[in-house]
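Reader: I am in my first year and new to this. Please take a close look at a single part, then show me how the rest fits around that part.

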Amino acid sequence: MKETHLSDARASAEVDRLLELISGLPPHSKHVLVALANLTKNQPDKEWFRTMRIRETYLDVCEQSGADPLSAERTRQLLNELCFLEIAGSRRGTGEGKGHYSQYTLLWDADIVLTLDT
């Protein structure tokens, strides 16, 4: 019984910490986070997502919320800010030829992110 209480307390503390991190974010940072969480939840077999795939989903989130989307460059910057806050992680990949791309992963449970009032 005590282990269950400890586990519940830990889960609650994690949710509180994430809520604290998210609460101070500007609206478009939250939209980018929701986009990443949606991709993570809807594609459970995939852990990493390229910037442009996240942006496509971000554009959908903006449309649903009635927000004007930011530029692709600004979207990338917001993803990097989420990494700085340890909400997301990033890694670089090499495409065909000499191209490089970034990939991002959600470091928190997608269901928790999507239940928070972002």
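Author: First, a term: a residue is buried under 20% relative accessible area, exposed over 50% and partly exposed in between, using a 1.4 Å probe and protein chains only. This is a predicted model, where local features need pLDDT of at least 70, side-chain atom pairs count only at pLDDT 80 or more, and totals for chains, interfaces and linings use all residues. Residues are numbered from 1 along each chain as its sequence is written, and side-chain values use heavy atoms, with hydrogens and water left out.

Start with Gly93. It lies in strand β2. Helices (H or I, at least four residues) and strands (E, at least two) are DSSP runs, numbered from the N terminus. Gly93 counts as buried because its relative accessible area is 10%. What does Gly93 touch, leaving out residues up to four places away in sequence? The list is Gly99, His100 and Tyr101. A contact here means heavy atoms within 4.5 Å. Now compare sequence with space. Gly93 and Asp109 are 16 residues apart in sequence, and their C-alpha atoms lie 24 Å apart.

Move to strand β3, which covers residues 100-106. His100, a partner of Gly93, falls in that range. Look at Leu106, also in β3. Leu106 has 9% relative accessibility, so it is buried. Its C-alpha atom is 6.4 Å from that of Gly89, although the two are 17 residues apart along the chain. Which residues are in contact with Leu106, apart from neighbours within four places? They are Leu33, Leu36, Ala37, Thr40, Ile87, Ala88 and Val113.

Ser102 is another residue of β3. Its relative accessible area is 13%, so Ser102 is buried too. Ser102 touches Phe49, Arg50, Thr51, Arg91 and Arg92, again not counting residues up to four places away. Contrast that with Thr4. Ser102 and Thr4 are 98 residues apart in sequence, and 39 Å separate their C-alpha atoms.

Three of the contacts of Leu106 lead to helix α2: Leu33, Leu36 and Ala37 are among the buried residues of that helix. Other buried residues of α2 include His28, Ser29, Lys30, His31 and Leu39. The helix runs over residues 27-42. Its 16 residues should span 22 Å at 1.5 Å a residue, and its end C-alpha atoms are 22 Å apart, so the two values agree. The expected span is 1.5 Å times one less than the number of residues.

One contact of Ser102, Thr51, leads to helix α3, where Thr51 is buried. Helix α3 takes in residues 51-65. Its 15 residues should span 21 Å, and the end C-alpha atoms are 21 Å apart, so this helix agrees as well. The other buried residues of α3 are Ile54, Arg55, Thr57, Tyr58, Val61 and Cys62. Their spacing has a background. An α-helix has 3.6 residues a turn, so residues three or four places apart point the same way. What covers the buried residues of α3? The cover includes α2, β1 (49-50), α4 and β3. After α3 comes Gly66, with a positive phi near 80°.

Cys62 has a relative accessible area of 1%, so it is buried. Why does Cys62 have no bond to Cys83? Their sulfurs are 18 Å apart, and that is too far. A disulfide is a pair of cysteine sulfur atoms within 2.5 Å. By this rule there are zero disulfides. Cys83 is buried as well, because its relative accessible area is 17%.

Helix α4 (72-84) is followed by a loop that leads to β2 (88-94), and Glu86 sits in this loop. Glu86 has a positive phi of about 60°, although it is not a glycine. Most residues other than glycine have a negative phi, and most peptide bonds are trans.

Now step back to the chain. It has five helices and three strands. From the N terminus on, their order is α-α-β-α-α-β-β-α. The C-alpha trace spans about 55 × 35 × 25 Å along its principal axes. Of the 118 residues, 35% are buried. Among contacts with a separation of 6 or more, 58% join residues 24 or more positions apart.
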